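Subject: Structure handover

Hello,

Here is the structure for you to take over. Please open it first, then read my notes below.

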Amino acid sequence: MMRSIALLAVVACSSSDATLPDAAPEPPETTAYRGTLAIPDYLEVPAIPSFNPPTAEKIALGRRLLYDRRLSGNQTPPCAGCHEQRLAFADGLARPTGSTGTELRRNSPGLANAVYHSTLTWANNGLRVLEDQLQVPIRGDNPIELGVSDANVGEVLARFDGDASYAEMFRAAFPDSASGATSRRSSSRSRASAAAW
Ligand code: HEC
């Protein structure tokens with residue numbers, strides 16, 4: 001009896017082994033992203049837009065921006081005001097308040113693992129890429145989150161242009177770009193925080 005149970009177990013194992021496909025080898029760049037984003041072996045590497053490959057320098061820059069209130073139009077709390085690391089990058093509030101005092105319609109989602117979501121935010125099925133989503137908190141005017149508008153964007157960018165340590169970090173993160181990569185910087189940080197949990 002014991003022998004037949006053992007045999008059954010062997011057969012069961014070998015037949016299920018036979019039906020399992022071999023794990024598809026990951027392309028080299030994806031394997032590298034696993035290390036850069038500190039993704040554990042038991043998680044898949046998320047889809048990453050080819051125009052914005054993650055690097056340690058981008059993540060460092062994005063992390064700094066996430067906590068920098070100068071990214072907000074009127075220099076009130078930044079991304080991290082609504083996405084606090086100690087709360088899995090949420091804020092524990094039913095409805096947060098944007099930089100100009102408007103109460104938002106929905107609560108701040110935790111950003112952990114957001115990189116794996118097929119759509120972003122609670123209600124917009126068309127928002128699928130972190131780089132696109134980033135326009136919402138920075139430039140959105142209904143509701144206002146960080147409150148950067150056509151009227152104050154020059155002033156906001158000048159705050160960073162005038163900071164030598166940012167200039168250095170920006171050059172390291174985007175050696176081929178003169179400007180305009182703010183969304184890529186923060187997205188790299190979002191992607192790192194969202195994946196490396
Ligand atoms: C005033 C609060 C507030 C600030 C500031 C804020 N967010 Fe959010 N964030 C939200 C809310 C609320 C949502 C959900 C919006 C909705 O569904 O209507 C959200 C959604 C997101 C999402 C989508 C997550 C998911 O799983 O779908 C990401 C990513 C994100 N925010 C990143 C950022 C970044 C990066 C910044 C700074 C540039 C930022 N947020 C600033 C409140 C805020």
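I start with a pair of packed helices. α3 passes α8 in a left-handed crossing. Please keep in mind that this is a predicted model.

**The α3/α8 pair**

Two packed helices are described by the angle between their axes and the distance between the axes. Here, α3 covers residues 56-66 and α8 covers residues 164-173. Their axes cross at roughly 145° and come within 8 Å.

Which residues make the contact between α3 and α8? From α3 come E57, K58, A60, L61 and R64. They meet M169, F170, A172 and A173 of α8. By class, this contact has six nonpolar and three charged residues, and no polar ones.

**Burial in the two helices**

In α8, the buried residues are M169, F170 and A173. Seen down the axis of α8, they fall within an arc of 100°, so they line one face of the helix. A164, A167 and E168 are exposed, on the other side of α8. M169, F170 and A173 are also on the list of α8 residues that meet α3.

In α3, the buried residues are K58, I59, L61, G62, L65 and L66. They too line one face of their helix, because they fall within an arc of 165° when seen down the axis of α3. Of these, K58 and L61 are among the residues that meet α8.

**The ligand shell**

There are 28 residues around the ligand. Which of them come nearest? They are C79, C82, T121, W122 and P137. Four elements give two or more residues to the shell: α4 (79-82), α5 (130-133), α6 (135-139) and α9 (182-195). The largest share is from α4, with three residues. By class, the shell has 15 nonpolar, 10 polar and three charged residues.

**The chain as a whole**

The protein chain has nine helices and zero strands. Along the sequence, the pattern reads α-α-α-α-α-α-α-α-α. The chain has 197 residues, and buried residues make up 28% of them. Now the contacts with a separation of 6 or more: residues 24 or more positions apart account for 58% of these.

**Where to look**

For the helix pair, begin at M169, F170 and A173, which are buried in α8. For the ligand, begin at C79 and C82, two of the residues that come nearest.

Best wishes

Note on methods:
Residues are numbered from 1 along each chain as its sequence is written. This is a predicted model: local features need pLDDT of at least 70, side-chain atom pairs count only at pLDDT 80 or more; totals for chains, interfaces and linings use all residues. A residue is near a molecule or strand if its C-beta atom, placed from the backbone, lies within 6 Å of it. Ala, Val, Leu, Ile, Met, Phe, Trp, Tyr, Cys and Pro count as nonpolar, Asp, Glu, Lys and Arg as charged, and the others, Gly among them, as polar. Axes are lines fitted to C-alpha atoms, for helices over the stretch in contact, and angles run from 0 to 180 degrees between N-to-C directions. A crossing is left-handed if the near helix is turned anticlockwise from the far one by less than a right angle, and right-handed if clockwise. Two residues are in contact if their C-beta atoms, placed from the backbone, lie within 7 Å. A residue is buried if 20 or more other C-beta atoms lie within 10 Å of its own, exposed if 12 or fewer, and partly exposed in between; C-beta atoms are placed from the backbone. The arc is that of the directions from the helix axis to the C-beta atoms.
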